Amino acid sequence: MRIVIVGGGVMGCATALELARRGVKDVTVLERAVPGAEASSAAAGMLAAQIESRDEEELDRFVAAREAYATWSGVLREATGIDIAHRRSGVLSIARSEVEVERLRANVEAQRGHGLRAELLDATKARSIERELTPDLAGAAYYPDEAQVDPPQLLRALVVAIARAGVVIRGGTTVSTLVNEGGRCVGVALGEREVLLADAVVLAAGSWSSLVPGVPAELPKVRPVRGQLVLLEERPPRLGTILFEGHAYVVPRGDGRVICGSTMEDVGHRREVTAAGVHSILGAAFAVAPRLAEAELVRSWCNFRPSVASPEGTPLVGASPLPGLFLATGHHRNGILLAKVTADAVAECILTSASASTARSRSQS
Ligand SMILES: Cc1cc2nc3c(=O)[nH]c(=O)nc-3n(C[C@H](O)[C@H](O)[C@H](O)COP(=O)(O)OP(=O)(O)OC[C@H]3O[C@@H](n4cnc5c(N)ncnc54)[C@H](O)[C@@H]3O)c2cc1C
């Protein structure tokens, strides 16, 4: 069975690894630039299941995804020797007013009702967990099981793991169109001259997924939502806990590096870090952890979250309306969190549909 994957971000690479692990021998990842070139290496790396989920169904799915990392990080280390820096650094979500405290209280109670660890803290208790936290707060919710990984390390580990598992990785290779024969996706074209035939094609092109020619028109569009990040370095390292306020966050890596984010911008694929973006990110970071103003500004960057333009914004995962084409895209703010569970679901879907069609052709012969 030959499987071709369009895009070498976390979705493409994790899916390739899962297919290889399940015994598929002929898997090729086609990547326009280099694997991990885009959103996947640019992410902050939070596995913030309890903070990011919007309803109970998402909460269960996100928590399962977060927990999958405990085993997956060990599997990747064993296969590659690369540590993806998986840590349960916990999250403190900050309230400035009594109204916000009540909102956090409701969230904490709902999560505890689900059997998850969550606590509502007053300012003194919150500051005993994170001494760098501003004293100017009304309270905070603490989620001790929230975690993080280092995305560039994750992508390095995935690339080494898939190469060792026999997956072919073709960098610098742009898919110019999906090839449709008789209403079935039978492969991809690479420019004018080369066609790669495949039993299954996986669309994992991130925020460019809707721009790949041949993608069925009836699929919801995947559009880019730009996010900017700023890397600071504290010497000596002081912060230990991820801090959240609204859309602003501060993610300490534990070694002095602190990722501060982020913006949510509808500007297409404009690759710019803006003065206003950096200004708002740093302003929000200093408001939650004032001594960050003394840290060194190391660098800033931006990239594009793949966001599904439907009312629910649910990621596109599994079978598509075009037989032969499978989807692993549209994970918006949570693609790192959801990578392993998405890879499992997509691999399962491809292999189940392959065995169903083998059974069909046997019964017809
Ligand atoms: C600023 C920011 C912060 C984030 N923080 C977090 C976080 O803390 N936690 C979290 O879980 N998620 C986070 N995310 C979201 C996460 O990064 C994404 O959801 C995830 O990386 C998407 O992975 P992907 O593989 O779908 O896309 P990408 O990583 O963008 O990969 C898609 C790949 O497809 C390639 N490609 C495109 N078109 C073609 C073509 N025609 N032919 C060949 N290759 C092609 C591209 O070059 C690219 O490498 C963040 C995102 C941003 C931008």
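# Two sheets and a ligand pocket

Author: Eight strands make an open sheet with mixed pairing, in the order S5-S6-S4-S14-S15-S16-S13-S17. The model is a predicted one.

Reader: What makes S5 and S17 the edge strands?

Author: Each of S5 (119–121) and S17 pairs on one side only. From one strand to the next, the twist averages 20 degrees.

Reader: How do you know that S13 and S16 pair, and in which sense do they run?

Author: Count the bridges. Five of them join S13 to S16 (residues 257–261). A pair needs at least two, so S13 and S16 qualify. Their sense is antiparallel. Leu232 stands opposite Val258 in S16.

Reader: Which strands does H8 touch?

Author: H8 (residues 275–288) packs on the sheet and touches S4, S13, S14 (242–245), S15 (248–252), S16 and S17. Its direction makes about 55 degrees with that of S13. H5 (residues 98–113) lies across S4 (91–95), S5 and S6 (139–143), at about 20 degrees to S6.

Reader: What is the strand order in the sheet of six strands?

Author: The order is S8-S2-S1-S12-S19-S18, again an open sheet with mixed pairing. S8 (168–170) and S18 (316–319) are the edge strands, since each pairs on one side only. Neighbours in this sheet are turned by 20 degrees against each other on average, direction ignored.

Reader: Why are S1 and S12 called a pair, and is the sense parallel or antiparallel?

Author: S1 (residues 2–6) and S12 (residues 200–203) share four bridges. Two would be enough, so they count as paired. The sense is parallel. Val4 has Val201 in S12 as its bridge partner. H1 packs on this sheet, touching S1, S2 (26–30), S12 and S19 (325–329), and its direction makes about 165 degrees with that of S1.

Reader: Now the ligand. How many residues surround the ligand, and which are the closest?

Author: 39 residues surround it. To belong, a residue needs a heavy atom within 4 Å. The closest are Glu31, Ser40, Met46, Arg333 and Leu337.

Reader: Which elements supply at least two residues each to the shell around the ligand?

Author: H1 (10–21), H2 (39–42), S13 (222–233) and S17 (296–308) do. S17 gives the most, with four residues. By class, the shell has 19 nonpolar, 15 polar and five charged residues.

Reader: What makes the approach of Arg333 to a nitrogen atom of the ligand a polar contact?

Author: Distance and atom type. A polar backbone atom of Arg333 lies 2.8 Å from a nitrogen atom of the ligand. The limit is 3.5 Å, so this pair counts. Two pairs with an oxygen atom of the ligand also fall within it: a polar backbone atom of Met11 at 3.1 Å, and a backbone N or O atom of Gly335 at 3.1 Å. Taken alone, the ligand exposes 1,000 Å², and the protein buries 98% of that.

Reader: What is the omega of the bond between Arg235 and Pro236?

Author: About -5 degrees, a cis peptide bond. Pro236 sits in the loop between S13 and S14. A cis peptide bond also joins Gly261 and Ser262, with omega about -25 degrees. Ser262 is in the loop between S16 and H8. Most peptide bonds are trans, so cis ones deserve mention.

Reader: What is the phi of Ala85?

Author: It is positive, about 60 degrees, and Ala85 is not a glycine. Most residues other than glycine have a negative phi. Ala85 lies in the loop between H4 (56–80) and S4.

Conventions. Residues numbered from 1 in each chain as written. Predicted model: local features only at pLDDT ≥ 70, side-chain atom pairs only at ≥ 80, totals over all residues. Heavy atoms only, no water. Polar contact = N/O pair within 3.5 Å; in protein donor to acceptor, adjacent residues only side chain to side chain. Areas by Shrake-Rupley, 256 points an atom, 1.4 Å probe, with all protein chains shown as cover. Nonpolar A, V, L, I, M, F, W, Y, C, P; charged D, E, K, R; others polar. Axes fitted to C-alpha atoms, helices over the stretch in contact; angles between N-to-C directions. Contact = heavy atoms within 4.5 Å.
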